[in-house]
Amino acid sequence: MHLLIYLPLLFPVPAALAARPLADRLDPRLATWLLTASALALACLSCAALGVLAVAGLVRLPLVAYVGHWSASTVRKGDPVSVIEAVAAAAVLAAAAAAGMRMLWRRIRALAASAFEAACLPGRSQLVVVDDAVPDAYALPGLPGLPGRIVVSTGMLDALDPADREAMLAHERVHLACQHYAFVAVAHLAAAVNPLLRPVAAAVAYTVERWADERAATICGDRRQVARAVGKAALATAHGPARRRLPDAVLGLLGRRRGPLATAGPVPRRVAALLTEPTTSSAPLGAPLLPLAGAAAVVGSSALCALAAAHDLHLLLELAGA
């Protein structure tokens, strides 16, 4: 148990290293689902491993042994986990739980603020044009009964021609239709629980934008037009005044990060991807098997190690209680 229980804490490392290559090479929709699901699973399994370590130290205590009707001396002889390891695991688990709860609360508040702002906008149509010289465009996710809205400033409309505006609106509609804010929220929740998964969360924030880009290109029928719209919006935003702060649940044409520095990384990658033809997979069902198998191997191995360690602890307690 001693070695197996630590492996789920290390498996997020290969996931973090593979996140950006997968985001660049896989179909954006598949990459988003794969990275988000893997991040959530690995975060939960790392917490499970910390929980087993903490319990392994807890069962050594005489009072716990008395309540559980097992021999504390037998547990101490058969349990390879030291008290120091157990205390450290309990502290890290408490910190991870606190960080996760804090991030969950922030996301709930952001979604509620976004839905409230969407409901307070004038009119009933999905598109709302605001009289603001600052170039801006973003999607406000809603709640059941409170549909999301797309907000575009007059400054952004002035910076784009009619074809660019069509591409921009298609991009924002995809964000709302596919509920991209939920993928970003789950990935950031996993990264809050296990900081090793932060590169995965960053990759998910990129892949949802690529997902919206590709869907917008399909709707508009012109990949280069979407690339031009993204590039023009980035230039207009970079040379314009600072934009007002928005809820964290907001997604825009330039991604989640609202400052001019957002144009330095993901935007050029998105434009370059749109200027190349999309790759098609020859694998069955159109899904590349190697990344799926790799993700399954990492998550499955992490789950197997956590379950094996928990099973070993269960057998030890049964032996101590016999």
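Gln-179 sits in the loop that joins helix H8 (162-177) to helix H9 (180-193). In this predicted model, its phi is positive, at about 55°, although Gln-179 is not a glycine. Most residues other than glycine have a negative phi. Gln-179 is partly exposed, and its relative accessible area is 45%.

Helix H8, which precedes this loop, also packs against a helix further along the chain. The partner is helix H11, residues 223-238. The two axes come within 8 Å and cross at roughly 90°. H8 and H11 are therefore roughly perpendicular to each other, as angles of 65 to 115 degrees fall in that class. On the H8 side, the contact is made by Ala-163, Asp-164 and Ala-167. On the H11 side, Gln-225, Val-226, Arg-228, Ala-229 and Lys-232 take part. By class, the contact of H8 with H11 comprises 4 nonpolar, 1 polar and 3 charged residues.

Ala-163 illustrates how this crossing joins distant parts of the sequence. The residue belongs to helix H8. Ala-163 and Gln-225 are separated by 62 residues in sequence. In space, their C-alpha atoms are 7.2 Å apart. Both residues are among those that make the contact between H8 and H11. Ala-163 is nevertheless partly exposed, with a relative accessible area of 30%. That value lies above the buried class, because buried requires under 20%.

The chain as a whole contains 13 helices and 4 strands. Of its 322 residues, 46% are buried. Contacts were also sorted by sequence separation. Among those between residues at least 6 apart in sequence, 73% join residues at least 24 apart. The accessible surface of the protein chain comes to about 16,000 Å². Carbon and sulfur atoms account for 68% of that surface.

Cysteine pairing was examined last. The count comes to 0 disulfides. Cys-47 shows why a bond is not assigned: the closest cysteine sulfur, in Cys-44, lies 6.8 Å from the sulfur of Cys-47, too far for a bond. The cut-off for a disulfide is a pair of cysteine sulfur atoms within 2.5 Å. Cys-47 has a relative accessibility of 22% and therefore counts as partly exposed.

Conventions. Residues numbered from 1 in each chain as written. Predicted model: local features only at pLDDT ≥ 70, side-chain atom pairs only at ≥ 80, totals over all residues. Heavy atoms only, no water. Buried < 20%, exposed > 50% of the residue type's maximum accessible area, 1.4 Å probe, protein only. Helix = DSSP H or I, 4+ residues; strand = E, 2+ residues; numbered from the N terminus. Contact = heavy atoms within 4.5 Å. Areas by Shrake-Rupley, 256 points an atom, 1.4 Å probe, with all protein chains shown as cover. Axes fitted to C-alpha atoms, helices over the stretch in contact; angles between N-to-C directions. Parallel < 35°, antiparallel > 145°, perpendicular 65-115°, else oblique. Nonpolar A, V, L, I, M, F, W, Y, C, P; charged D, E, K, R; others polar.
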